[in-house]
Amino acid sequence: MKSTPSMLSEVQARQALIGQALSLNRLGINHGKSGNVSLRWDRSNKVQGEGLLITPSGLAYENLEPQDLVWISLQDDPPRFDGDLKASSEWRMHRDLLRARPECRAVVHTHSLYASALSCMPKVQQEGIPAFHYMVATSHANRIACARYARFGSEDLSQAMLEALQAHARACLLAHHGVIAAGEDLASALALAQEVEALAMMYSQCLALGGPAILSEQAMQAVHQAFVGYRNPAPEIQAGTTGHLT
Ligand SMILES: [Zn+2]
């Protein structure tokens with residue numbers, strides 16, 4: 001990082017990320033210190049290159065300062081870390097999801113209560129959350145799959161997540177654990193994590209009432225098509241002077 005503008009941009013990106021992390025708490029979808037948020041952040045010089053910023057491990061969001069976030073290179077194995085604190089233990093899932101979805105810039109992982117509860121149910125582990133409600137399509141798929149169980153923080157968990165995220169899917173449950181969601185920006189990743197939690201709450205209620213009817217593939221296809229207009233880039237992204245932040 002050699003110029004003042006890029007320094008300022010990264011500080012702004014760090015502040016934006018902390019702002020979204022704090023809103024997880026306000027929205028009630030974070031549980032303790034379990035949630036974590038990341039943002040694609042490429043550094044312009046060749047040594048640093050493509051990467052992401054992520055919340056550190058074990059620090060309450062209220063106490064986060066911009067310098068506490070950790071930068072991780074995106075394409076190296078093992079990656080390069082830049083930060084004074086330890087990155088979130090789930091950095092692998094964040095990195096691998098950003099690698100797998102080049103159109104996405106942000107990832108949110110939480111242990112939101114209904115999504116986590118459903119992730120413990122054998123039926124949901126097998127079938128995921130099916131198309132019982134049209135908003136399931138906000139995940140860019142016809143169902144929200146559930147990744148097989150693997151230990152938190154492990155490479156195997158990240159592999160299980162990638163297996164569950166078929167085609168264009170941007171969200172999945174993680175068995176006996178929680179949920180992960182990606183988006184084109186911080187706000188949309190957060191909105192999807194929030195939507196999955198709302199759907200998990202509704203689906204739990206439907207299961208308690210005997211089980212919902214499921215929308216046909218054709219019906220869901222029509223929903224995806226109708227969503228296309230809503231998925232056009234927002235004006236501020238198109239303007240893009242600090243595209244990383246939007
Ligand atoms: Zn977790």
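Leaving aside residues up to four places away in sequence, Ala-181 touches Leu-97, Ala-106, Val-107, Val-108, Arg-170, Ala-171, Ala-189, Leu-192 and Ala-193. This comes from a predicted model, and Ala-181 is a handy place to start looking around in it. The residue sits in strand β8, which runs over residues 178-183. With a relative accessible area of 0%, Ala-181 is buried. One of its contacts, Val-108, is 73 residues away in sequence, yet the two C-alpha atoms are just 5.4 Å apart in space.

Leu-52 offers another view of the interior. This residue belongs to strand β2 (residues 51-54), and its relative accessibility of 0% puts it in the buried class. Not counting residues up to four places away in sequence, Leu-52 touches Ser-38, Leu-39, Arg-40 and Trp-41, along with Val-70, Trp-71, Ile-72, Leu-74, Arg-95 and Leu-98. Ala-106, which turned up among the contacts of Ala-181, lies 54 residues from Leu-52 in sequence, with 8.8 Å between their C-alpha atoms. Leu-39, one of the residues touched by Leu-52, also leads on to helix α1: its C-alpha is 9.3 Å from that of Ala-16, and the pair is 23 residues apart along the chain. Ala-16 lies in α1, which covers residues 4-26, and is partly exposed, with a relative accessible area of 24%.

Stepping back, the protein has eight helices and eight strands. Of its 246 residues, 48% are buried. Links between distant parts of the chain are a big part of the picture: among contacts with a separation of 6 or more, 65% are between residues 24 or more positions apart. The accessible surface adds up to about 11800 Å², and carbon and sulfur atoms account for 55% of that.

Next come the pockets. The second largest pocket has a volume of about 190 Å³. It is lined by 16 residues, and those closest to its centre are Ala-141, Arg-143, Ala-145, Ala-164 and Gln-166. Which helix gives the most to this lining? That is α4, with three residues. Both α4 (122-127) and α5 (155-164) supply at least two residues each. Sorted by class, the lining is made up of six nonpolar, seven polar and three charged residues.

Gln-166, one of the residues closest to the pocket centre, is found in the loop between α5 and β7. Its relative accessible area is 52%, so it counts as exposed. Ile-144 is 22 residues from Gln-166 in sequence, and their C-alpha atoms are 9.8 Å apart. Ala-167 lies in that loop between α5 and β7 (171-174) too. It is exposed, at 64% relative accessibility, and its backbone has a positive phi near 50 degrees although the residue is not a glycine.

A positive phi in a residue other than glycine also turns up at His-140, where the angle is near 70 degrees. His-140 lies in the loop between α4 and β6 (146-147). Another backbone feature is found at Asp-77 and Pro-78, which are joined by a cis peptide bond with an omega of about -5 degrees. Here Pro-78 is part of the loop between β3 (70-73) and β4 (81-82).

That leaves the cysteines. How many disulfides does the structure hold? The count is zero. Cys-120 is in no disulfide, and the nearest cysteine sulfur, in Cys-146, is 8.5 Å away. At 40% relative accessibility, Cys-120 is partly exposed. And why is Cys-172 not bonded to Cys-146? The sulfur of Cys-146 is the closest cysteine sulfur to that of Cys-172, but the 7.5 Å between them is too far for a bond, given that a disulfide calls for sulfur atoms within 2.5 Å. Cys-172 is buried, with a relative accessibility of 0%.

How values were computed
Residues numbered from 1 in each chain as written. Predicted model: local features only at pLDDT ≥ 70, side-chain atom pairs only at ≥ 80, totals over all residues. Heavy atoms only, no water. 1 Å grid on protein atoms, 1.4 Å probe; cavity = no way out; pocket = protein on both sides within 12 Å on 5 of 7 lines; lining within 4 Å. Points joined across faces, edges and corners; volume = space filled by probe spheres on them. Helix = DSSP H or I, 4+ residues; strand = E, 2+ residues; numbered from the N terminus. Nonpolar A, V, L, I, M, F, W, Y, C, P; charged D, E, K, R; others polar. Buried < 20%, exposed > 50% of the residue type's maximum accessible area, 1.4 Å probe, protein only. Contact = heavy atoms within 4.5 Å. Areas by Shrake-Rupley, 256 points an atom, 1.4 Å probe, with all protein chains shown as cover.
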